[in-house]
Amino acid sequence: MIDPWGFYNRNCTSFTAWRMNQLLGRTSAPWAFTNGMNGGWWGHANTWDDNARQLGYIVDGTPSVGAIAQTDGGTFGHVAVVISIGAGVVTVEEYNANLTGTYGQRTVSTGTFRYIHVPGVNPGIDPFGAVDRVVGAVGGFISVQGWAIDPDAPTTSTTMHIYVDGPAGS
């Protein structure tokens with residue numbers, strides 16, 4: 001049977017499309033995420049990364065909560081949804097990973113998948129951090145030490161702007 005999103009029922013693709021619609025705020029038609037959306041064709045899981053690139057979505061090795069985790073492995077590939085990220089690991093929720101017709105969650109190395117970032121899905125958690133030390137230096141400059149992380153891209157560099165007593169340049 002074909003589901004309302006154009007995928008075969010009880011497959012990883014059907015589950016992932018259902019979850020994407022939920023994350024996009026669609027719990028009834030018209031659906032935001034479908035097999036033929038925007039003129040593309042998602043098809044089997046092993047073609048999702050190629051279709052996503054053709055539609056202009058970011059596909060990379062950096063997980064984010066709400067991203068689609070995708071692999072070409074196996075006969076038809078596999079897709080899942082990222083639900084949390086840890087140090088070098090990602091936890092996904094998925095359908096049919098080990099047994100036919102079953103929902104599950106598992107934690108694996110971030111390198112297990114590539115990640116499809118669907119516009120409007122990422123929760124957009126603001127970067128955060130802490131200043132550990134500020135030291136005055138010669139010539140009117142200061143040295144600032146601390147840390148920061150962007151939870152939406154935890155393994156990439158984050159640019160920081162530090163303002164002292166006013167806007168940039170003052």
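In α1, the buried residues are C12, T13, S14, F15, T16, A17, R19, M20 and N21. That makes nine of the twelve residues in this helix, so α1 is mostly covered. The model is a predicted one. The buried residues of α1 pack against α2, and also against the strands β2 (68-71), β3, β4 (89-95) and β5 (103-109).

The length of α1 can be checked. At 1.5 Å a residue, its twelve residues should span 16 Å, and the end C-alpha atoms are 16 Å apart, so the two values agree. Just after α1, G25 takes a positive phi of about 80 degrees.

**The segment before α1**

W5 is found in the segment before α1. Is W5 buried or exposed? W5 counts as buried because its relative accessibility is 10%, and the cut-off for buried is under 20%. Leaving aside neighbours within four places in sequence, W5 contacts S14, A17, W18 and N21. W31, F33, T34 and N35 are also in contact with W5. W5 and F15 are ten residues apart along the chain, and their C-alpha atoms are separated by 9.9 Å.

**Overall fold**

The protein has two helices and eight strands. Along the sequence they follow the pattern α-α-β-β-β-β-β-β-β-β. Of the 170 residues, 35% count as buried. Take the contacts between residues at least 6 apart in sequence: 47% of them join residues at least 24 apart.

**Nonpolar cores**

The largest nonpolar core has 19 residues. Which of its residues touch the most other members? They are F33, W42, W48, I68, I116 and V118. Three elements each supply at least two residues of this core: α1 (12-23), α2 (48-54) and β3 (78-86). The most comes from α1, with three residues.

W48 has contacts spread along the chain, not counting residues up to four places away in sequence. It touches F7, T13, T16, A17, F33, W42 and G43. W48 also touches I68, Q70, V79 and I116.

Another core, of nine residues, lies apart from the largest one. Among its members are A80, V82, V108 and F113.

**Pockets**

Rolling a probe the size of a water molecule over the atoms shows where empty space is left. The table gives the space in two pockets.

| Pocket | Space |
|---|---|
| Largest pocket | About 320 Å³ |
| Second largest pocket | About 170 Å³ |

The largest pocket is lined by 18 residues. Which of them lie nearest its centre? They are N11, T13, H44, A45 and F76. By class, this lining has six nonpolar residues, twelve polar and no charged. T13 appears in several places here: it is buried in α1, it is touched by W48, and it is one of the residues lining the largest pocket.

The second largest pocket is lined by G129, A130, V131, V144, Q145, G146, W147, A148, M160, H161 and I162. Two elements give two or more residues to this lining, β7 (128-136) and β8 (142-149). The largest share, five residues, comes from β8. The lining of the second largest pocket divides into seven nonpolar and four polar residues, with no charged ones.

Definitions and conventions: Residues are numbered from 1 along each chain as its sequence is written. This is a predicted model: local features need pLDDT of at least 70, side-chain atom pairs count only at pLDDT 80 or more; totals for chains, interfaces and linings use all residues. Side-chain values use heavy atoms; hydrogens and water are left out. A nonpolar core is a set of buried Ala, Val, Leu, Ile, Met, Phe, Trp, Tyr and Cys residues joined through side-chain atoms within 4.5 Å. Buried means under 20% relative accessible area, exposed over 50%, partly exposed in between (1.4 Å probe, protein chains only). Helices (H or I, at least four residues) and strands (E, at least two) are DSSP runs, numbered from the N terminus. Contact means heavy atoms within 4.5 Å. On a 1 Å grid over the protein atoms alone, a cavity is a set of points where a 1.4 Å probe fits but cannot get out, and a pocket is an open set with protein on both sides within 12 Å along at least five of seven lines; lining residues have an atom within 4 Å of a point. Grid points are joined across faces, edges and corners, and a volume is the space filled by probe spheres set on the points. Ala, Val, Leu, Ile, Met, Phe, Trp, Tyr, Cys and Pro count as nonpolar, Asp, Glu, Lys and Arg as charged, and the others, Gly among them, as polar. The expected span of a helix is 1.5 Å times one less than its number of residues.
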